Amino acid sequence: EGDEVCAVLRGGEKLLVNPARVTVGDIVVLQAGDGIPADSVIVDPAALLKSNESALTGEPEALRKSVEADPFLLSSCTVTEGEECRAMAVGIGSYSQWGRIRANLQEDRGNTPLQDSLEDMVKIIGWVGIGAATL
């Protein structure tokens, strides 16, 4: 699981836990430099922060996040500005946006019709080559 830790509120107490141990419903406490451990929604009305989502969306600039404007934080992204922002975890692991992207990338997709035709053509060329070599 590694040495990474993130701050969460559980039972009114602030705890440091491994990001893999964050569960849906946990209140994650974020500040500048923190990695976002789960897809989350900002619940602190006074919170104002910026999030670098380039790893997930390709957006080159940090995006401003607040309860009023774009309260969604995506896992695997980084907080670049802000202090003590509280957000509720709503998606973890394969149920997060990052998890869904990874699952789509790992799917074993079958051959396209063009790939099937090319494989057949390669086999024919191979047999023709073997026949020509034996003459």
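I count two strands as paired if DSSP finds at least two bridges between them. With that in hand, I opened this predicted model.

**Entry 1: the six-stranded sheet**

I started with strand 3, residues 27–30, and strand 9, residues 85–91. They pair over four bridges, in the antiparallel sense. I looked for a facing pair and found L30 opposite C85 of strand 9.

Then I traced the whole sheet. It is open, holds six strands and has the order 2-1-3-9-4-7. The pairing is antiparallel. Which strands stand at the edges? I noted strand 2 (13–17) and strand 7 (72–73). Each has a single partner strand, so one side of each has no neighbour in the sheet.

**Entry 2: the largest nonpolar core**

Next I looked up the largest nonpolar core. I found 19 residues in this core. V22 and L73 touch the most other members. Strand 1 (6–10), strand 3 and strand 9 are the elements that give two or more residues to the core. Strand 9 gives the largest share, three residues.

I followed V22 further. What does V22 touch, beyond residues up to four places away in sequence? My list reads C6, V8, R10, V17, V28, P37, A38, A89 and I92. As background, nonpolar side chains in soluble globular proteins tend to be buried together.

**Entry 3: the three-stranded sheet**

I turned to the other sheet on my list. Three strands form an open sheet in the order 6-5-8, with antiparallel pairing. Strand 6 (63–66) and strand 8 (78–81) are at the edges. Each has a single partner strand, so one side of each is left without a neighbour in this sheet. I also checked the turn between neighbouring strands: it is 45 degrees on average, direction ignored.

I then took strand 5, residues 48–52. Three bridges join strand 5 to strand 8, and the two run antiparallel. Here S51 stands opposite V79 of strand 8.

**Entry 4: two serines**

S66 is found in strand 6. Is S66 buried or exposed? I read a relative accessible area of 8% for S66, and buried means under 20%, so I logged S66 as buried. Leaving out residues up to four places away in sequence, S66 touches I42, A47, L48 and P71.

S75 sits in a loop, the one between strand 7 and strand 8. Its relative accessibility is 6%, so S75 counts as buried too. I listed the contacts of S75 outside its neighbours within four places in sequence: I36, P37, A38, D39, L56, S96 and W98.

**Entry 5: G33**

I picked G33 next, in the loop between strand 3 and strand 4 (39–42). G33 is exposed, with a relative accessible area of 60%. G33 touches T78 and V79, not counting residues up to four places away in sequence. I also took a distance from G33 to V90, which is 57 residues apart from it along the chain. Their C-alpha atoms are separated by 21 Å.

**Entry 6: helix 3**

I closed with helix 3, residues 113–134. How many of its 22 residues are buried? The number is zero, so I wrote that helix 3 lies largely in the open.

I checked its length as well. At 1.5 Å a residue, the 22 residues should span 32 Å. The end C-alpha atoms of helix 3 are 32 Å apart, which agrees.

Methods:
Residues numbered from 1 in each chain as written. Predicted model: local features only at pLDDT ≥ 70, side-chain atom pairs only at ≥ 80, totals over all residues. Heavy atoms only, no water. Core = buried A, V, L, I, M, F, W, Y, C linked by side-chain atoms within 4.5 Å. Buried < 20%, exposed > 50% of the residue type's maximum accessible area, 1.4 Å probe, protein only. Contact = heavy atoms within 4.5 Å. Axes fitted to C-alpha atoms, helices over the stretch in contact; angles between N-to-C directions. Expected span 1.5 Å × (residues − 1).
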